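Some labels in a structure need a reason behind them. The turns below ask for those reasons and answer them.

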Amino acid sequence: SELLPDELVVIGWADAHWDYVSSEQDELSFSAGDLIAVTEMADEEWWGGFIGDRQGWFPKSYVRMRIADAEPMHETKSLNKRISVRRKKKLSPSEVRGKVLEEILGTERDYVAHLNNIVQGYLTRCRENTLFSSELLQLIFCNVEDLREIHTGLLASLEESIAPKNAYDSCIGHCFVEIEKFQAYSEYCNNHPDAVAKLGELQTIQNYKFFFEACRLLQGMQEISLDGYLLTPVQKVCKYPLQLSELFKTTPETHPDYEMVVAAKKSMSNVAVLINERKRRYEGLRRIAEWQMTIDEWEGEDVIMRSSDLIHSGELSKISKGRSQERKLFLFDNQLIYCKKELLGGRLQYRGRLDLRNSEVVDLKDGEGHYGNTPVNNAWKMNNVKKNKWYILYTRTPEDKAEWIEAFKREQARIEEDLETGFSVTKTKRQAIMTQVKKTKGTTKKQKPLKPHLSKAATIQITKGTVKLPEPVSSADFGMKKAKKGRRNRRKDFTT
């Protein structure tokens, strides 16, 4: 364990711009407007500091540093009261593992108490008030009661598994390997932005504003807004991989819990990946809906009613009834949309779709497909079960054909992956997104073209760049943006 300096040295001062609710014992909670003495800035995401006699880590994105000549003079005296940090003796491996287990248990108790405060302090009282409909409560609190049930059970399992007098020998890996129960976070995290937006609206209405404040006071909770409390579950689920990584480092291969700790670490990392992927898919629904609004002469069902991901797109030729037609195709999960590109202006017109749930792709060797009496190369055929007819599709180059064939394989893999992980979006949610997009048609700013997304699970290597929509099309970038760098798990103790 690293030796700490003799005393904390204030590097600078920072103003809190947003409320931050800590979910772990070594973090620093604060409210917007608080002044923080910053003592540690080495990490890219987390800084250390104190407010009065409270010390801990906090995310730097929540604060803004003051310039050097703007240091608060009245705070200088408080520096004389800051607490010296005694050099710590080096702990034995068994003691270090015990400390890690104590931290996991302690933070889980705090988190369960936090969830109880949300449910008992806010949700229960909201249900008893006529200001809140069941739909509004679902939007604000989502499945927070499910999370409370999950973590109440997890806490009981941890308390049963960790021996207070012999923490080193305790085995807790089995508590985290059941990935299915943590998938409830996917729904909560995807709903959270909508909940925050709605709370922002309600805070402008006095009846709601006063009611939320009364709930907080009656429950004896810290002076932090409800949206701050609802943020904690989003933060908490991302910290489990960090905690289990620390446990893994302190668990030797000879320990009886070693294999389960490895499995738990992998399981919770997969949960984080799954949540991020589902978040991308949920956000993608709106972008697909916006893309549809740019297509002229749209007919039939809205595309997001059965699809949530663009797999591939490109221009090729389609042979139907002996005629060859230039088309722009968009391959989504479960369906293939084909459009006609206008000669003047380049806008796209809807021309039809294939339901891939009842269709098959048959590869054709060069010369097997024909346009009139002329054989075509780089072709394959697909059937439209609804119309009981086959189409021949062909590209300009063998490379383009190879991309399309592999894209159809990725589409099938995506369907299987969704079935395996249980990913689904309710019909009501899809309809709400489409309705919202239609209301805002014409008011959105021009965005980047819709692009296919390559799943991490895909093993196919695409040799060419992503395909862009024509210039007149205004739609959001549908590629997965590079995720923000995760928080580093740098843990130091601030002791008094």
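Q: Where does Arg66 sit in the chain?
A: Arg66 is in the loop between β5 (63-65) and α1 (76-79). Keep in mind that this is a predicted model.

Q: Why is Arg66 called partly exposed?
A: Its relative accessible area is 31%. Buried would need under 20%, and exposed would need over 50%. The value for Arg66 falls in between, so the label is partly exposed.

Q: What separation do the C-alpha atoms of Arg66 and Ala14 have?
A: They are 5.6 Å apart. Along the chain, Arg66 and Ala14 are 52 residues apart.

Q: Which residues make up the nonpolar patch with about 240 Å² of accessible area?
A: Ile11, Met41 and Met65 form this patch on the surface. Ile11 belongs to the segment before β1 (12-16).

Q: Why does Ile11 count as partly exposed?
A: Ile11 has 48% relative accessibility. Exposed means over 50%, and buried means under 20%. Ile11 meets neither condition, so it counts as partly exposed.

Q: Why is α2 called roughly antiparallel to α9?
A: Helix α2 (residues 93-127) and helix α9 (residues 240-249) pack at an angle of about 160°. Angles over 145 degrees count as roughly antiparallel, so α2 and α9 earn that label. Their axes are 9 Å apart, and the crossing is left-handed.

Q: Why are α2 and α8 called oblique instead?
A: The axes of α2 and helix α8 (residues 226-237) cross at roughly 140°. Roughly antiparallel needs over 145 degrees, and roughly perpendicular covers 65 to 115. The angle of α2 and α8 fits neither, so the pair is oblique. The two axes come within 11 Å. This crossing is left-handed.

Q: What makes α10 oblique to α11?
A: The axes of α10 and helix α11 (residues 398-421) cross at roughly 120°. Roughly perpendicular covers 65 to 115 degrees, and roughly antiparallel starts over 145, so α10 is oblique to α11. Their axes come within 13 Å, in a left-handed crossing.

Q: How do you know that Glu201 and Lys198 form a salt bridge?
A: Their side chains meet at 3.4 Å, N to O. The rule asks for a nitrogen of Lys or Arg within 4 Å of a carboxyl oxygen of Asp or Glu, so the pair qualifies.

Q: Why are Glu201 and Lys198 separated by about one helical turn?
A: They are three residues apart in helix α6 (residues 184-202), which means about one turn. Glu201 is partly exposed at 45%. Lys198 is partly exposed at 26%.

Q: Which residue forms a salt bridge with Lys249?
A: Glu246 does, at 3.1 Å from N to O. Both residues lie in helix α9, three residues apart.

Q: Why is Lys249 called exposed, while Glu246 is called partly exposed?
A: Lys249 has 62% relative accessibility, and exposed means over 50%, so the label fits. Glu246 has 22%, and buried means under 20%, so Glu246 stays partly exposed.

Q: What makes the salt bridge of Glu297 and Arg351 a link between distant parts of the chain?
A: Their side chains meet at 3.3 Å, N to O. Glu297 is in the loop between α10 (258-292) and β6 (310-320), and Arg351 is in strand β9 (residues 348-355). The two are 54 residues apart. Glu297 is partly exposed at 49%, and Arg351 is partly exposed at 32%.

Q: How many salt bridges does the rule give?
A: The count is 25. Glu277, Arg280, Asp309 and Arg414 are linked in a network of salt bridges.

Q: What stands out about the phi of Glu297?
A: It is near 60°, a positive value in a residue other than glycine. Most residues other than glycine have a negative phi.

Q: What phi does Asn378 have, and where does Asn378 lie?
A: Its phi is near 55°, again positive in a residue other than glycine. Asn378 lies in the loop between β12 (374-376) and β13 (379-384).

Q: Why is Asn378 called buried?
A: Its relative accessible area is 9%. Buried means under 20%, so Asn378 is buried.

Key:
Residues numbered from 1 in each chain as written. Predicted model: local features only at pLDDT ≥ 70, side-chain atom pairs only at ≥ 80, totals over all residues. Heavy atoms only, no water. Patch = residues over 30% accessible without salt bridge, like charges linked within 9 Å, V, L, I, M, F, W, Y side chains within 5 Å. Areas by Shrake-Rupley, 256 points an atom, 1.4 Å probe, with all protein chains shown as cover. Helix = DSSP H or I, 4+ residues; strand = E, 2+ residues; numbered from the N terminus. Buried < 20%, exposed > 50% of the residue type's maximum accessible area, 1.4 Å probe, protein only. Axes fitted to C-alpha atoms, helices over the stretch in contact; angles between N-to-C directions. Parallel < 35°, antiparallel > 145°, perpendicular 65-115°, else oblique. Left-handed = near helix turned anticlockwise from the far one by under 90°.
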